[in-house]
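Biologist: Can you walk me through this one? Start with whatever surrounds the ligand.

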Amino acid sequence: MRISYSAYDTYKKCPLKYKFSYIDKISAPKRPELFFGGLIHSVVQYALKKDPLMPSYEELIKFYEENWESSLYKDKDQEKQYFDFGKNMIFHFHGTHKPGLRDIIATEKYFAIPLSEKHQLSGVIDRVDKLPIGAIEIIDYKTNKSLPTQQDIDNDFQMNFYQLAVKSLWPEIDKVKLTFYFLKPNVQMSTTRDDYAIDMAKKEIIATADTITSQKDFCATPNRFCDWCDFQNRCPAFADLKTSDDRESKIIEKFLAAKKAIDVLEPEINKIMNKSGKDVLKSGQIRIYRDKENDNKLSIRD
Ligand code: SF4
């Protein structure tokens, strides 16, 4: 099979959602936030493809406006919020990007490379630069509102896909820098992976691809992203919620139960953190950490 990071991640979160998206290929309605992220990527690619020339800020905004789709937003206020948010990102990107300074060797680089005898790895890398020391830098543009921690970046699984691709596309390169470029705060965060980490990631992707190809029953696995799932109306886990009233009561019930559990668990987690001097507690892929930008409140990240 051909496996991309997005397919891998969807399967890991919920096999049934994977089936709806990648096997049944049920198309999902366009979501404003996804459309928005895609358009910002297009603006960045539009600028990078002209390197070493840089389009003016006005040219980038013209491209942004021409490709904007008003009909996706629920009202004018929401549309304006998104539109201004994007304009701000473009302004910072334009002010920071220095055309011609870097050796950009690929933008929107599609890859489909062999992973094992049975599987291929595929995806698109936003940008690949050749660094003066002979290394390669992979840059992935993000439109997230908040910044992750350095630990999140060091553990991010998506970058493994890109490093595996680079190793196959440019085998002569032995040093790879992996960078996430967060457009909203205009911050870049970098990491690296050693051979052992890449080997382990490769094994994990192959094992997942093997499981998917032999799987008969793709189970619904409710998770904290269900509220954003486009297939809730087909999902057996939500079958009892026929009307929007049912749905609302169920959500309120769940909220109250979760709130009670949090009220009990939060002091316990704080106690463990204070005792151990740790700011992050980890279980599998899930981490609970103290969010310094939000009054040290506990936050979850996976
Ligand atoms: S609603 Fe949740 S459980 Fe159902 S398919 Fe979507 S992600 Fe899976």
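Modeller: The shell around the ligand splits into 10 nonpolar, 3 polar and 1 charged residue. Here Ala, Val, Leu, Ile, Met, Phe, Trp, Tyr, Cys and Pro count as nonpolar, Asp, Glu, Lys and Arg as charged, and the others, Gly among them, as polar. This is a predicted model: local features need pLDDT of at least 70, side-chain atom pairs count only at pLDDT 80 or more, and totals for chains, interfaces and linings use all residues. Numbering starts from 1 along each chain as its sequence is written.

Biologist: Which residues come nearest to the ligand?

Modeller: Cys14, Ala220, Cys226, Cys229 and Cys235, of 14 around the ligand. Near means a C-beta atom, placed from the backbone, within 6 Å.

Biologist: New topic. At what angle do α7 and α8 pack?

Modeller: About 105°, with the axes 10 Å apart. Helix α7 is residues 158-169 and α8 is 195-214. So α7 is roughly perpendicular to α8, a label for 65 to 115 degrees. Axes are lines fitted to C-alpha atoms over the stretch in contact, and angles run from 0 to 180 degrees between N-to-C directions. Helices are DSSP runs (H or I, at least four residues), numbered from the N terminus.

Biologist: Which residues meet there?

Modeller: Asn160, Gln163 and Leu164 in α7 meet Ile198, Ala201 and Lys202 in α8. Contact means C-beta atoms, placed from the backbone, within 7 Å. That contact has 3 nonpolar, 2 polar and 1 charged residue.

Biologist: And what are the domains?

Modeller: Domain 1 is 2-24 + 102-214, domain 2 is 32-96 and domain 3 is 244-301. The bounds come from an automatic or database domain assignment. The C-alpha centres of domains 1 and 3 lie 29 Å apart.

How values were computed. Helices (H or I, at least four residues) and strands (E, at least two) are DSSP runs, numbered from the N terminus. Angles under 35 degrees count as roughly parallel, over 145 as roughly antiparallel, 65 to 115 as roughly perpendicular and the rest as oblique. Two residues are in contact if their C-beta atoms, placed from the backbone, lie within 7 Å.
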